[in-house]
Each structure stands twice: as C-alpha cells, then as structure tokens.
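Got your viewer open? Keep the selection tool handy, and we'll walk through this one stop by stop.

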Amino acid sequence: MLHSNFSANSKSFVAKALLISLSLFMSACVPDFLVSDSDWVVIEAGEHEPSPARKFGLLISPSEVSATVTFDSSCIYDVGAVDADDWNKVIGVGFVGAKDQPLDGVAPHQVDGARIGWRWNPQRQRIDLGAYVYVEGQRIDFKVAEVAINTPTKMVIKIDYDRKVYQVLGGKTIPFTHNKSFAYNTGLYFGGTSVAPHRIRVKIQDY
C-alpha cells in the first residue's frame, strides 16, 4: 500500500514538474503584439527554430489545432540528398503527463503529440505537407498533401478523445493511447537533422 501511494505521488510530482518546465519555457516566448509583422515567424540561418520562441501556448483537452499558413520563397532550400526527405514542422500539439514520459530530456510532444510536417519538393516545385505524429514515443509520418509557394492554406489537426484518434490535414486517422488532458502548441521548426541553410520565414495566422 505504501508503494502504491508513493507511485501516485511520484506521478503527480512529475506531471507538475513538466507543467512548470513548460510554463518557464513558454514565458520566454514573444507575444504577437510586441512583434512587427507578427504573423511572420522567422528561423535564422544555422538554427532549428525561432529565437525567442513564437506561437506557443498552454491548452486543456484541445479538440483542434489550426492556422492559416503561407510558405514564401525563403522555404525553397537545398540541404543535400541525405536530409532532403526530412520533415520540418509548422504547427502542432504536444501532450503532457507522467504516464510514459521519460525524464531524460525527451520533449513531451515526442512521446505523445501530433504536428504538421513540411518540406520543399524540388521535383514537384511545391511544399509537401504531412502528418508527423508520436504515439508512446513511436513516430508515424507520411505525406498528406502539397501546396504552392505563396498560397495561404488552412491547416487543421483534429483530436478525437472518444475514438482516440488524430487526424492531420484531413488525412487518414492515427490511433493514440494516452488519456492526457494538458497540452501545448508546438511551433515552427526546421529539421530533421539539418539546420536552416538560410533565413526561413513562414506566415502563421489565427494560431
């Protein structure tokens, strides 16, 4: 009985620690009203993500994450054949909870979460869009659609807690197993493995 109580208390402590860590991280984000051209999110050359972070927020049981996204010509890039098929990320959601959450530096959205991936497709001369999902730490990714440069596109991730499935960009559903309620928005990220080869900017509205 003592062991059971300790386990429950430990789980509660871990969940609170994760939420505090996320709150501290997000406190470094810049609110849109303090930024000129606030819809545009920029990753500088040699980086994976904006600095400071942008477009983050805490959520409780979100049923949908959405934004209107525009990729401009800065999103045309060449990182070499080895990393050409790697997915970058644009919007998404990560779930926070003690269950199955390692304490070794793995981000919660890489345990349970769903994001929209993007990459430049030189053959198609378009941006590939895909589902980029983690279920219990296992990644599932696949192409769903494509979009032209400078074309505003509504992007939606749906979370159905009754059926326990994600649906990214209207593609095939992906089952999940968690019962987590606390979540956070994930933002623009370049990589994969490679860092941004030059200044990348993406317009993200209504996020």
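## Stop 1: two odd backbone spots

Select S61 to begin: with a relative accessibility of 35%, S61 counts as partly exposed (that label covers values between buried, under 20% relative accessible area, and exposed, over 50%, using a 1.4 Å probe and protein chains only). Before going on, know that this is a predicted model, where local features need pLDDT of at least 70, side-chain atom pairs count only at pLDDT 80 or more, and totals for chains, interfaces and linings use all residues. Residues are numbered from 1 along each chain as its sequence is written, and side-chain values use heavy atoms, with hydrogens and water left out.

Back to S61: its phi is near 45°, a positive value in a residue other than glycine. You'll find S61 in the loop between β2 (58–60) and β3 (64–71). Strand names here follow DSSP runs (E, at least two residues), numbered from the N terminus.

Now jump to N150, where phi is near 65°, again positive in a residue other than glycine. N150 sits in the loop between β7 (138–147) and β8 (153–160).

## Stop 2: a cis peptide bond

Select G191 and G192 together. Is the peptide bond between G191 and G192 cis or trans? That bond is cis, with omega near 0°. G192 belongs to the loop between β11 (182–186) and β12 (200–205).

## Stop 3: the open sheet

Switch to a cartoon view and follow the strands in the order β1-β12-β3-β8-β9-β10: these 6 form an open sheet with antiparallel pairing. The edges belong to β1 (40–43) and β10 (174–175), each with a single partner strand, so one side of each has no neighbour in the sheet. Two strands count as paired if DSSP finds at least two bridges between them.

Zoom in on β8 and β9 (residues 165–168), which pair in the antiparallel sense over 4 bridges. Show D160 and you'll see it opposite V165 in β9.

## Stop 4: aromatic rings

How many aromatic pairs does a search of the whole structure find? The search finds 9. Rings of Phe, Tyr and Trp (its six-membered ring) pair if their centres lie within 6.5 Å; planes under 30 degrees apart count as stacked, over 60 as edge-to-face and the rest as tilted.

Select Y77 and W118, an edge-to-face pair at 6.1 Å centre to centre with 85° between the planes. Y77 is in the loop between β3 and β4 (88–96) and W118 is in strand β5 (residues 113–121), so this pair ties together parts that are 41 residues apart in sequence. Y77 is buried at 10% relative accessible area, and W118 is buried too, at 0%.

Next, pick Y166 and F176: their ring centres are 4.6 Å apart and their planes are at 35°, so this pair is tilted. Y166 lies in strand β9 and F176 in the loop between β10 and β11, so the pair links parts 10 residues apart in sequence. Both Y166 and F176 are buried.

To see an aromatic cluster, show F71, Y77, W118 and F190 together.

## Stop 5: charges over rings

Select K172 and F142: K172 lies over the face of F142, at 4.7 Å from the ring centre. Then try R201 and W40, where the charged end of R201 sits over the ring of W40, 3.8 Å from its centre. To count, NZ of Lys or CZ of Arg must be within 6 Å of the ring centre and within 35 degrees of the ring normal.

## Stop 6: salt bridges

There are 10 salt bridges in the structure (a side-chain nitrogen of Lys or Arg within 4 Å of a carboxyl oxygen of Asp or Glu). Show E44 and R199, whose closest N and O atoms are 3.3 Å apart. E44 is in the loop between β1 and β2 and R199 in the loop between β11 and β12, so their bridge ties together parts 155 residues apart in sequence. E44 is partly exposed at 40% relative accessibility, and R199 is partly exposed at 47%.

Now select D128 and R119, which meet in a salt bridge at 3.2 Å, N to O. D128 is buried at 4%, as is R119 at 13%.

Add E146 and R124, bridged at 2.5 Å, N to O. E146 lies in strand β7 and R124 in the loop between β5 and β6 (126–135), so this pair ties together parts 22 residues apart in sequence. For the last view, show R119, R124, R126, D128, K143 and E146 together: salt bridges that share partners join them into one network.
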